[in-house]
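Me: Please take a close look at a single part of this predicted model. I should like one connected account that starts from a helix and moves outward to its surroundings.

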Amino acid sequence: MKLRYAGNTHVGMKRGHNEDNLRLVPEENLYIVADGMGGHASGEVASQLAVDTIAEFFQETSKDEDLTWPYKMEKGRTYEENRLGASIKLANLRIFETAKNDPSKHHGMGTTVVALCICGETIYVGHVGDSRVYRLRGEELHQVTEDHSLLNDYIKMKDLTEEEIENFPHKNVIVRALGMKETVQVDVCHEEPQHKDLYLLCSDGLNGMINDKTIRQIMVDNRDNLEVCIDKLIEAANNNGGTDNTTCVMVEVLKE
């Protein structure tokens, strides 16, 4: 299996600084996007801690498979699912402890995160918060992750109309993030990719500005050049307001 990948981030049209971070770790087939939150640039600190900790955990466990993990294996999950989940839990703990040890600078900081890794013939996705993973298969776009947001909770509890979803007053409220508590629940899933499946990891600065229909069309039209495709997605988000930082990472699976 061969991979093509690319990533980019943009501050947007309204924000003074970028609290998003991304990390491409091709030697581990690992790709990460984090969207930070918190005053005094603390969001940027949290998202950087997240991507760095996850990458370091993968690198260390790859070098030494007998390394003692900070968390027990969860029953019902494979080794790779546990590895991904443990890396995100460790990131959560480091962010929480950093904020606790320096509350004057970092009180209340946190971050969403989404991480995708490939092992053998399987794609693994772990996430906390409302950053997303999409998969484009042919011309069909599918959202792989489920938002940990107040809006999504309402959608699951009630049959909201498109107008009610559009006018929901608390769209930016998330119900799960790294750094908020000492422990965190991490969603992990896996699937078997097909040839030329294209995965998009993004912060909500993208899907908050443009809808899935627009995301799908840009991906379909520009999939031959991943860098251009990402630039077009970010440009579309900025042209539609760009009220948030926007980060995109793309990974295409090419089966030989």
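The reply below begins with one helix and then turns to the strands, the cores, the cysteines and some individual residues.

Reply: The model is predicted, and the description that follows should be read as such. The part chosen is helix H8, which comprises residues 226-239. H8 has 14 residues and reaches 20 Å from its first C-alpha to its last, close to the 20 Å expected at 1.5 Å a residue.

The two ends of the helix can be taken in turn. At the N-terminal end of H8, Asn225 acts as a cap, with a side-chain oxygen 3.2 Å from the backbone nitrogen of Glu227. Just after H8, Gly241 adopts a positive phi of about 135 degrees.

Which residues of H8 are buried? They are Leu226, Cys229, Ile230, Leu233, Ile234, Ala236, Ala237 and Asn238. An α-helix has 3.6 residues a turn, so residues three or four places apart point the same way. The cover over the buried residues of H8 includes strands S1 (2-10), S9 (198-202) and S10 (246-254). Helices H6 (204-207) and H7 (212-222) are also included in that cover.

Among these covering elements, S9 merits separate attention. Five of the five residues of S9 are buried, and the strand is described as mostly covered. Both faces of S9 are covered: Leu198, Leu200 and Cys202 are buried on one side, while Tyr199 and Leu201 are buried on the other. S9 is joined by five bridges to strand S6 (residues 132-137), and the two strands run antiparallel. Within that pairing, Leu136 has Leu198 of S9 as its bridge partner. S9 is also joined to S10 by five bridges, again with the strands antiparallel. In this second pairing, Cys202 stands opposite Cys248 in S10.

The cysteines call for a further remark. The structure holds zero disulfides. Cys189 is in no disulfide, and the nearest cysteine sulfur, that of Cys117, is 10 Å away. Cys189 counts as partly exposed because its relative accessibility is 29%. Cys202 is likewise in no disulfide; the nearest cysteine sulfur, that of Cys248, is 5.8 Å away. Since a disulfide is assigned to sulfur atoms within 2.5 Å, the 5.8 Å distance from Cys202 to Cys248 does not qualify. Cys202 counts as buried because its relative accessibility is 0%.

The nonpolar cores come next. The largest nonpolar core has 25 residues, and those with the most contacts inside it are Leu30, Ile32, Ile54, Leu84, Ile88, Val113 and Leu178. The elements that give two or more residues to this core are strand S3 (30-37), helix H1 (42-63), helix H2 (79-101), strand S4 (110-119) and S5. H1 supplies the largest share of this core, six residues. Apart from this core lies another, of 23 residues, among them Leu198, Cys229, Ala236 and Ala237. Of these, Cys229, Ala236 and Ala237 are buried residues of H8, whereas Leu198 is a buried residue of S9.

Returning to the largest core, Val113 is in contact with Ile32, Ile54, Ile88 and Leu178, including further contacts with Gly126, His127 and Val128, once neighbours within four places in sequence are left aside. Gly126 lies in strand S5 (residues 122-128). Gly126 counts as buried because its relative accessible area is 0%. Beyond four places in sequence, the contacts of Gly126 include Leu84, Ile88, Val113, Asp187 and Val188. Gly126 and Ile234 are 108 residues apart in sequence and 23 Å apart in space, C-alpha to C-alpha.

Two polar residues complete the account. Asn21 is found in strand S2 (residues 20-25), and it counts as buried because its relative accessibility is 14%, under the 20% limit. The side chain of Asn21 reaches the backbone oxygen of Glu44 at 3.4 Å. With neighbours within four places in sequence left aside, Asn21 is in contact with residues including Ile32, Glu44, Ser47 and Thr247. Asp35 has its place in strand S3, and it is buried, with a relative accessible area of 8%. Asp35 and Asn21 are 14 residues apart in sequence and 6.6 Å apart in space, C-alpha to C-alpha. Not counting residues up to four places away in sequence, Asp35 touches residues including Glu19, Asp20, Ser47, Ser203, Asp204 and Asp244. Ser47 is thus named among the contacts of Asn21 and among those of Asp35.

Notes: Residues are numbered from 1 along each chain as its sequence is written. This is a predicted model: local features need pLDDT of at least 70, side-chain atom pairs count only at pLDDT 80 or more; totals for chains, interfaces and linings use all residues. Side-chain values use heavy atoms; hydrogens and water are left out. Helices (H or I, at least four residues) and strands (E, at least two) are DSSP runs, numbered from the N terminus. The expected span of a helix is 1.5 Å times one less than its number of residues. Buried means under 20% relative accessible area, exposed over 50%, partly exposed in between (1.4 Å probe, protein chains only). Contact means heavy atoms within 4.5 Å. A polar contact is a pair of N or O atoms within 3.5 Å; within protein, one must be able to donate a hydrogen and the other to accept it, and residues adjacent in sequence count only if both atoms are side-chain atoms. Two strands pair if DSSP finds at least two bridges between them. A nonpolar core is a set of buried Ala, Val, Leu, Ile, Met, Phe, Trp, Tyr and Cys residues joined through side-chain atoms within 4.5 Å.
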